[in-house]
Amino acid sequence: MSELSLTNMNLAVVAPAIALTLSGFVVVLLGLFFKNVSRALFLTVTALGLALAFAATFSLWDQNQLAFGGLVAADNFALVFNCVFLIGAVMSILLALNAHESGYLLYPEFFAIVMFAAVGMILMAGATNFLTLFVGLETLSISLYILAGFKKNEIRSLESAFKYFLLGAFASGFLLYGIAFIYGAAGSLDLAQVSTYVRNNGMAENPLMLLGGLLVVVGLGFKVAMVPFHMWAPDVYEGAPTPITAFMSTGSKAAGFAALLRVLISSTDGAVSDWVAVLWVLSVLSMFIGNIAAIVQSNLKRMLAYSSIAHAGYVLVGIVACLPVQTGNEAGAASVIFYLLSYTFMNIGAFGVISMISSKEKEYTTLNDVRGLAFQQPFVAVVMALFMFSLAGLPPTAGFVGKFYLFSAAVKAGHIPLVIIGVINSMISLYFYLGVVVVMFMKEAQQPIAAPKRIAAVTTSLFLAAVGTLGLGLFPSQLIGQLRIVVSRLL
């Protein structure tokens, strides 16, 4: 890292993060000094901050600049992930505008903390130095700890936040120890210099480097909820407010995989076989344990939590496929980005339906709660079925195309046994995804489900999720072509 000065800070590179940070501060200050401010003003400032972040992201396209002496990059790889994070934030905030969520979510702190969490995600995706990666991860983690406990009058929500905090603190400690070991071995925290060290010296030959790399995987593995670092996910997903669960399950996962991809692409020269073996095993464990545990769940939020663990395993298939890192081998990383964007739409959509049909009196989160939903709320049931089909990987949805690209890249890279395991797990997952559809369309309702209030914001979020799920499934070729170009430049 070069010496930092005012001339090489290059604040334009972090303009998306600056826009969100300043908007968050404005929202907090408005709530602090003006007690009678309308919530519409908080929402307006938040919308402006998100719009400016989107605009700054697009303005940086193809510039490939560095900021703060090489600590942060604004290459197209980071900018694509910025779009994923911002889309997830927008859709989750729209869900939070639901009538029964407004009692505990629509405070100025909520809008600010969601934006601060997005700042952490942006820093993780653009990190070219382990120091920046750690700062971004902690910014994201602390924000999510707070958001998970936002139902402060419910024991379950507070319990989920406390568990998330304790386990997250351990994971952060592992990551920090890993970074320290890597620094001790390579003498630098810069990913490019670490890559040079690994290329010249290997990884297995130096116990410090090997242990450091494994501990970094542990820290990032917690954030993406891969086995065996997944213990927090079911309880936290169930206890957190549903819009927060939607945001956490997509944005946090995308940020973790963005950081993992950049670390692997930047610093695995000479150690490909070591990483492939580790990630291969983690992928298989995540797929099997996530899907098998999801089968026995009667609570939809817990089922989607275990499903999220399995999807982390699918994404790891694509990461394994992009190793060794070389030009012409960009299909795996491109498929990972495509799948994470698809997952953002379909998973937020599924949680959005749960939020939409719930009320202040009752949160409809179990299979029995949605029995016969198609006979009472046919539109909502059809939309939920679409998201279940996509999560299961059925055509013509984004989930099907995403898995096709992931598995195709793995076949091309020669990991046929891993693809066979992935296909078997996709078949296992059909049981619980289609089980939700069967309960909605083929079972009698045990209780009347009141018609959800048609909140325009919530309907808009579900509409965006449905359009994204179908659009990426029907017209994926142009996007995947652009993603290949993005990844090839990074390689």
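Me: In which helix is the place of Leu-29?
Reply: In this predicted model, Leu-29 is one of the residues that make a nonpolar surface patch of about 810 Å², together with others including Leu-11, Ile-18 and Phe-25. With a relative accessibility of 44%, Leu-29 counts as partly exposed. Its place in the chain, residues 15-33, is that of helix 1.

Me: Does Glu-238 count as buried or exposed, and what is its relative accessible area?
Reply: The side chain of Glu-238 meets that of Arg-156 in a salt bridge, with an N to O distance of 3.9 Å, and Arg-156 counts as partly exposed at 34% relative accessibility. The limit for a buried residue is under 20% relative accessible area. Glu-238 falls under that limit and is therefore buried, its relative accessible area being 17%.

Me: How many residues apart in sequence are the parts that Glu-238 and Arg-156 tie together?
Reply: Glu-238 and Arg-156 are joined by a salt bridge between their side chains. Glu-238 belongs to helix 10, residues 233-239, while Arg-156 belongs to helix 7, residues 155-186, so the parts tied together by this pair are separated in sequence by 82 residues.

Me: Which residue in helix 10 forms a salt bridge with Lys-163?
Reply: Lys-163, which is partly exposed with a relative accessible area of 29%, meets Glu-159 in a salt bridge of 2.9 Å, N to O, and these two are separated by about one helical turn because they are four residues apart in helix 7. Lys-163 also forms a salt bridge in which the closest N and O atoms are 2.9 Å apart, with Asp-235 as the partner. This pair links distant parts of the chain, 72 residues apart, with Lys-163 in helix 7 and, in helix 10, Asp-235.

Me: Which residue is linked in a network of salt bridges with Arg-156, Glu-159, Lys-163, Asp-235 and Glu-238?
Reply: A search of the whole structure finds six salt bridges, among them those of Lys-163 with Glu-159 and of Lys-163 with Asp-235. The network joins these residues with Arg-156 and Glu-238, and its remaining named member is Arg-302.

Me: Which helix gives the most residues to the largest nonpolar core?
Reply: The largest nonpolar core has 167 residues, of which Met-248, Ile-319, Phe-387 and Met-388 touch the most other members. The greatest share of this core, 19 residues, comes from residues 331-357, which form helix 14.

Me: Which residues is Phe-288 in contact with, leaving aside its neighbours within four places in sequence?
Reply: Phe-288 is found in helix 12, residues 272-295, and counts as partly exposed at 29% relative accessibility. Its C-alpha atom is separated by 9.5 Å from that of Val-227, a residue 61 places away along the chain. With the neighbours within four places left aside, the contacts of Phe-288 are Ile-421, Asn-425 and Ile-428.

Me: What radius of gyration does the protein chain have?
Reply: The protein chain has 20 helices and two strands, its C-alpha atoms fill a box of roughly 65 × 60 × 40 Å along the principal axes, and 61% of its 491 residues count as buried. For a compact globule of 491 residues the radius of gyration would be near 23 Å, and the value for the protein chain, which agrees, is 21 Å.

Key. Residues numbered from 1 in each chain as written. Predicted model: local features only at pLDDT ≥ 70, side-chain atom pairs only at ≥ 80, totals over all residues. Heavy atoms only, no water. Patch = residues over 30% accessible without salt bridge, like charges linked within 9 Å, V, L, I, M, F, W, Y side chains within 5 Å. Areas by Shrake-Rupley, 256 points an atom, 1.4 Å probe, with all protein chains shown as cover. Salt bridge = Lys/Arg side-chain N within 4 Å of Asp/Glu carboxyl O. Buried < 20%, exposed > 50% of the residue type's maximum accessible area, 1.4 Å probe, protein only. Contact = heavy atoms within 4.5 Å. Core = buried A, V, L, I, M, F, W, Y, C linked by side-chain atoms within 4.5 Å. Rg over C-alpha atoms; globule rule 2.2 N^0.38 Å.
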